[in-house]
Amino acid sequence: MGAVPKPFLTLGGRTVLERALRAVVDPAEVHAAVVVAPPDHVAAARTLTAAFPKVSAVVPGGEERQESVAAGLAVVTQAEWVVVHDAARPLASADLVRRVLRAARETGAATAALPARDTVKVVTEGTVRQTLDRETIWLTQTPQAFRASLLREVHERARRAGVRATDDAALVEAFGGTVRVAEGEVLNLKVTTPEDLALAEAVVRQQEGPGERRTGIGYDVHRLVPGRRLVLGGVGIPFDRGLVGHSDADAVLHAVMDALLGAAGLPDIGQHFPPEDDRYRGADSRGLLRDVVARVRQAGFLPAQADVVILAEAPRLAPYLPAMRRVIAELLAVDEGAVGMKATTTDGLGAIGRGEGIAAQAIVTISRRPA
Ligand code: MG
C-alpha cells in the first residue's frame with residue numbers, strides 16, 4: 001500500500017494508529033501504553049500519540065513482529081498484565097480489550113478470535129487437500145492479553161530456541177501454556193489491502209457520520225453604472241450597464257467568498273483583499289475565490305455545498321444561471337448538484353427594484369477536512 005506504513009494511513013480524519021490506540025487506552029484498567037513503530041517512523045508516532053496521556057513510551061521495533069513485541073515488552077516494567085494489539089486494527093472496541101483481559105485472568109493468556117463462518121479447506125497447488133471441521137476453526141485477532149511474566153518468559157524462551165510465531169498466543173501454546181478465547185469482533189479487521197481501508201472507511205463513516213460541518217452566510221451589493229462590463233458568478237452578461245467596484249465587482253462570487261470565510265471563522269474579504277490595495281484593481285473574482293478556497297483548506301475545511309440567490313430587477317438572469325453554477329462548482333471543487341443558483345427581482349421595491357444595483361446572498365457549508 002505504498003511507502004506509508006498502514007498505521008499511518010488516515011481513516012475518517014484520524015490515523016489508523018490513533019484509532020487502534022484509542023481502544024487500547026480507553027479501559028480504566030489500562031494504565032500505560034507503549035507504541036512500537038518502524039525505526040524511521042518513531043518520531044512521527046511520537047507526534048501522533050502525544051495527545052494520549054497513557055502512552056508512556058514510543059520505541060523502535062524490529063525486523064519482525066515478534067521482535068517488535070519484545071522491544072515493547074522491554075520497556076514495560078511494572079505491569080502485571082499486558083495487552084498486545086496490532087496498530088493496523090483500527091476498529092477494535094475498548095469493550096473487546098476488556099473482554100480479552102478478563103479471559104486472560106483464567107489461565108494467564110487469552111486472544112480475541114471469531115468462529116469461522118466459511119468452510120475452511122486446506123489447499124496446495126490450487127487443489128483442495130482436506131476440508132476442516134468448521135466447528136473447531138476459529139480465526140484469531142488482536143487484542144491478546146497475557147500475564148506479563150508469562151509473556152516475557154515465552155518471548156525469552158522463543159528467542160533462545162529460535163521459535164518463530166505470527167502471534168503471541170502461539171508462543172504461549174508452543175511452550176505448553178493455555179490460551180483462552182474471547183469472542184472477537186467482525187469489524188475488527190486488519191488493514192492490509194486498499195480494499196480493507198475502503199471497507200474501514202465505510203464503517204467509520206457509518207458510525208461517525210460525515211464529521212464536523214459548518215455554515216456561513218455572505219451578502220454583497222454593487223451599484224449598476226453605464227460603461228462597465230456586467231459579471232455575475234464569473235460569467236459575462238450582455239447588458240447596457242455593469243457593476244462598479246474595485247475588482248470586477250462580481251457580487252455573486254463576493255457573497256460566496258464571504259460565506260466561505262465566515263464558515264471557516266476567517267475575516268471577511270475586505271480584510272483579505274483590501275480595496276486600497278492596487279493588486280486587486282479590476283481583479284477577476286474567480287481568482288480571488290480560488291484564493292479564498294485555498295485559505296479555507298488551510299484552515300482545515302473543504303467546501304461541501306453552496307446556495308446562492310441573486311437580487312436583480314434586470315437583466316433577465318435565468319439563461320446564465322447554469323453557467324454560473326458550473327463556475328462556482330468548479331472553483332469550490334464540488335459537484336454541480338451541490339450548488340444552488342437562482343435569481344429573483346424585488347418586485348420593483350427599493351434601490352434594487354429601481355435597478356440602481358444588483359445584490360447577491362450566499363450560504364455555504366464546509367466540512368472538516370480529513371487530516
Ligand atoms: Mg463586493
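**Group meeting talk: pockets, a metal site and some backbone details**

Hi everyone, let me start with the largest pocket: its lining divides into 30 nonpolar, 10 polar and 7 charged residues. Before I go on, please keep in mind that this is a predicted model.

So, what is the volume of that largest pocket? The value comes out at about 1300 Å³. A total of 47 residues line the pocket, and those nearest its centre are Val34, Val35, Val36, Val84 and His85. If you want to find the lining by secondary structure, look at the elements that give two or more residues to it: α1 (16-25), β3 (33-37), α3, β5 (81-84) and α4 (94-107).

Now for the enclosed space. With a threshold of 30 Å³ or more, the count is 1 cavity. The largest cavity has a volume of about 30 Å³. Which residues line the largest cavity? They are Arg65, Gln66, His155, Ala165, Asp167, Asp168 and Leu171. Two helices, α3 (65-74) and α6 (168-174), are the elements that give two or more residues to this lining. By class, the cavity lining has 2 nonpolar, 2 polar and 3 charged residues. You may have noticed that α3 has now come up twice, as it is listed for the pocket and for the cavity.

Next, the metal. Which residues coordinate the magnesium ion? Asp220 does so through OD, His222 through NE2 and His254 through ND1, at 2.1 to 2.3 Å. Written as a spacing pattern, these donor residues read D-x1-H-x31-H in sequence. The histidine pair links distant parts of the chain: histidine 222 is in strand β11 (residues 213-226), while histidine 254 is in helix α8 (residues 251-263), 32 residues apart. One caution for anyone thinking about geometry here: water is not among the atoms, so the site may look incomplete.

Staying around α8 for a moment, the loop between β14 (241-244) and α8 holds alanine 249. Its phi is near 60°, which is a positive value in a residue other than glycine.

There are cis peptide bonds to show you as well. One runs from threonine 142 to proline 143, with omega near 10°. Where does proline 143 lie? You will find it in strand β9 (residues 138-147). Another cis bond joins alanine 314 and proline 315, and there omega is about 0°. Proline 315 has its place in the loop between β15 (301-311) and α11.

That loop brings us to my last stop, the packing of helix α10 (residues 285-298) with helix α11 (residues 321-332). Their axes come within 9 Å and cross at roughly 35°. Is the crossing left-handed or right-handed? For α10 and α11 it is right-handed. On the α10 side, Arg286, Leu289, Arg290 and Val293 make the contact, and on the α11 side Val327, Leu331 and Leu332 do. Sorted by class, the contact residues are 5 nonpolar, no polar and 2 charged.

That's my tour, thanks for listening!

Terms used
Residues numbered from 1 in each chain as written. Predicted model: local features only at pLDDT ≥ 70, side-chain atom pairs only at ≥ 80, totals over all residues. Heavy atoms only, no water. Axes fitted to C-alpha atoms, helices over the stretch in contact; angles between N-to-C directions. Helix = DSSP H or I, 4+ residues; strand = E, 2+ residues; numbered from the N terminus. Left-handed = near helix turned anticlockwise from the far one by under 90°. Contact = heavy atoms within 4.5 Å. Nonpolar A, V, L, I, M, F, W, Y, C, P; charged D, E, K, R; others polar. 1 Å grid on protein atoms, 1.4 Å probe; cavity = no way out; pocket = protein on both sides within 12 Å on 5 of 7 lines; lining within 4 Å. Points joined across faces, edges and corners; volume = space filled by probe spheres on them. Donors = N, O, S within 2.8 Å, 3.2 Å for Na, K, Ca; no water.
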